[in-house]
Amino acid sequence: MAQPPPAPTGSNLESLPGGADVELAHVSRIYQVGDGTTLTAVDDISGIFAAGSVNAITGASGSGKSTLLHLIGAIDRPDSGTVVVDGTDLAGLGRRALADYRRSIGFVFQRFNLLPTLTVLANVIAPVIPYRTGYDKKRRALDLLEQVGLGQRARDLPSHLSGGQQQRVAIARALVNEPRLILADEPTGNLDTATGREIVDLLLSLRDGFGVTIVLATHDLLITERCDRSMRLQDGHCVDDATP
Amino acid sequence: MALTNLLRVPGRTLGGVVALAVGVAALTLLLGVTQLFQGAVVGSLLGNVIAVQVRGVDYAAVVITTLLGAAAVADVLYLGIRERATELATLTATGWRPSSLTRLILTEALCVGLLGSALGAGIGLGVVTTLGATPNQLVVPAMLALAAGVVATMVASLLPSRAVRRLPAAIVLAEE
């Protein structure tokens, strides 16, 4: 396993406040798919992701993994049930507060979702561009890129990087707001096995180094085995909730 | 970031700029002729004698042309939003507020509006000077036409900026 990355100089990462507690209580999400038909993407899921834990949500494509991550990340709202993070029920937050909440978490996507016309450095800064911060954004981003081994590629466009490097940039972007919670949606899905392992090592090192809570969607059993907990979904239901 | 977005498809952005410039150039011409020549002037252009008389219907046509130009800019912005939906949804997921996304779109609108209006005002100013006016006399008409172009563009861009606020981030990211 990778060593925890050193805290970047000039930033506050060394004082990360640890991980967030996530509590799901009877969470359901139902989509209208036309002609009055509905699709229950997530059905009555409950569970607690403890602070500082690494949690895998597994299941086949369409089982509801991504939807569950979107609900935890407040990109989507449940039709019933509650998502409580550090004691705050997300249902009670307004649009502005939800955006602030999303700013307190880090999101990593399967296809990296980097902005193709921005440099690697600008991509890492992107989440904080509209905000005044108490730190030097550029310096923070450069520190994070150094952490993920891409300090020399700051001026490159994402298209000039390999898939693994792009995912590292995405992880650096996820860290720019000093998150207590990282949500990763199939973070190794577009990578070869060896590169995928490196990415998982990097994610796990964040937990080991800073106590960040990690929830990742995957159907890779090798990743699941390295997690503290595994929740398996099938057709939106939780069919297994175990500690590997 | 707004400039980078506009330069992503330069041909399309240029189309919006030119569409707006046509209306603003005509508006500058009409305002110039109205102010300096009381609505009618005879002059020469490229060696030919021309007579220009401004009527109410000309203003109506020019206003419609300017509004169509502003609508073309709004269309450029709207297409950009559709093509960048995943990127905008990603920014939402990383904590951008809807108001920040709106500001981004309005900044893009302002850039195109200013560029198109300045180009149009410049062209209109150039045409009126060939009729005997000096550029100094045309500052006010040119500025009025430029302001009208920018305002029309900003009003038209309210629709795309509203669309970006309503972007269904979860669905966009799920489809990705």
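Which residue in E10(A) is the bridge partner of Ser230(A)? I opened my notebook with this point and found that the partner is Ala242(A). I note at the outset that the model is predicted.

**Entry 1: the pair E9 and E10 of chain A**

I looked up the two strands around that bridge. Strand E9 of chain A covers residues 229–234, and its pairing with E10(A) is antiparallel, over five bridges. I then looked for the sheet to which these strands belong. I found an open sheet of six strands in chain A, in the order E6-E7-E8-E3-E9-E10 and with mixed pairing. Its edges are strand E6 (105–108) and strand E10 (237–242) of chain A, each of which pairs on one side only. I also recorded the turn between neighbouring strands of this sheet, which is 15 degrees on average, with direction ignored. As a general note, I wrote down that side chains in a regular strand alternate between the two faces of the sheet.

**Entry 2: helices on the sheet**

I next asked which strands H1(A) lies across. I found strand E3 (54–58), strand E7 (181–185), strand E8 (213–217) and E9 of chain A. The direction of H1(A) is at about 150 degrees to that of E8(A). A further helix, H5 of chain A (residues 163–175), packs on the sheet and touches E6 and E7 of chain A. The direction of this helix makes about 165 degrees with that of E6(A).

**Entry 3: Val85(A) and its strand**

I chose one residue for a closer look, Val85(A), which lies in strand E4 (residues 80–85) of chain A. Is Val85(A) buried or exposed? I counted 23 other C-beta atoms within 10 Å, so Val85(A) is buried; the cut-off for a buried residue is 20 or more. Leaving out residues up to four places away in sequence, I found that Val85(A) touches Ala20(A), Val22(A), Leu90(A) and Leu181(A). I also compared Val85(A) with Glu23(A): they are 62 residues apart in sequence, while their C-alpha atoms are 6.3 Å apart in space.

I then followed the partners of E4(A). Strand E1 (residues 22–32) of chain A pairs with E4(A) in the antiparallel sense, over five bridges. In this pairing, Ser28(A) stands opposite Ser80(A) of E4(A). Strand E5 (residues 88–89) of chain A is also antiparallel to E4(A), with two bridges. Here I noted that the bridge partner of Val84(A) is Asp89(A) in E5(A). E4(A) and E5(A) form a hairpin with two residues between them. Asp86(A), in the turn, has a positive phi of about 50 degrees.

**Entry 4: chain A as a whole**

I stepped back to view the whole of chain A, which has seven helices and 10 strands. Its C-alpha atoms fill a box of roughly 50 × 40 × 35 Å along the principal axes. For 244 residues, a compact globule would have a radius of gyration near 18 Å, and the 17 Å of chain A therefore agrees with a globule of that kind. Buried residues account for 47% of the 244 residues. I also looked up contacts in chain A between residues at least 6 apart in sequence, and 72% of them join residues at least 24 apart.

**Entry 5: chain B**

I turned to chain B, which has eight helices and two strands. From the N terminus on, its elements run α-α-β-β-α-α-α-α-α-α. The C-alpha trace spans about 65 × 25 × 25 Å along the principal axes. Of the 176 residues in chain B, 44% are buried. Among contacts in chain B between residues at least 6 apart in sequence, 87% join residues at least 24 apart.

At what angle do helix H3 (residues 56–83) and helix H5 (residues 98–129) of chain B pack? I found about 140 degrees, with the axes 10 Å apart. The crossing of H3(B) with H5(B) is right-handed. On the H3(B) side I listed Gly69(B), Val73(B), Val76(B), Leu77(B) and Ile81(B). The residues they meet in H5(B) include Ile105(B), Ala109(B) and Val112(B). The residues of this contact divide into seven nonpolar, three polar and one charged.

**Entry 6: where the chains meet**

Finally, I looked up how many residues of each chain are in contact with the other. The count is 22 residues of chain A with 20 residues of chain B. On the chain A side, helix H1 (65–72) and helix H2 (95–103) are the elements that give two or more residues. H2(A) gives the largest share, five residues. I recorded nine nonpolar, six polar and seven charged residues on this side of chain A.

Methods: Residues numbered from 1 in each chain as written. Chains lettered and ligands numbered in written order. Predicted model: local features only at pLDDT ≥ 70, side-chain atom pairs only at ≥ 80, totals over all residues. Contact = placed C-beta atoms within 7 Å. Helix = DSSP H or I, 4+ residues; strand = E, 2+ residues; numbered from the N terminus. Nonpolar A, V, L, I, M, F, W, Y, C, P; charged D, E, K, R; others polar. Rg over C-alpha atoms; globule rule 2.2 N^0.38 Å. Buried ≥ 20, exposed ≤ 12 C-beta atoms within 10 Å, placed from the backbone. Axes fitted to C-alpha atoms, helices over the stretch in contact; angles between N-to-C directions. Left-handed = near helix turned anticlockwise from the far one by under 90°. Pairing = 2+ DSSP bridges.
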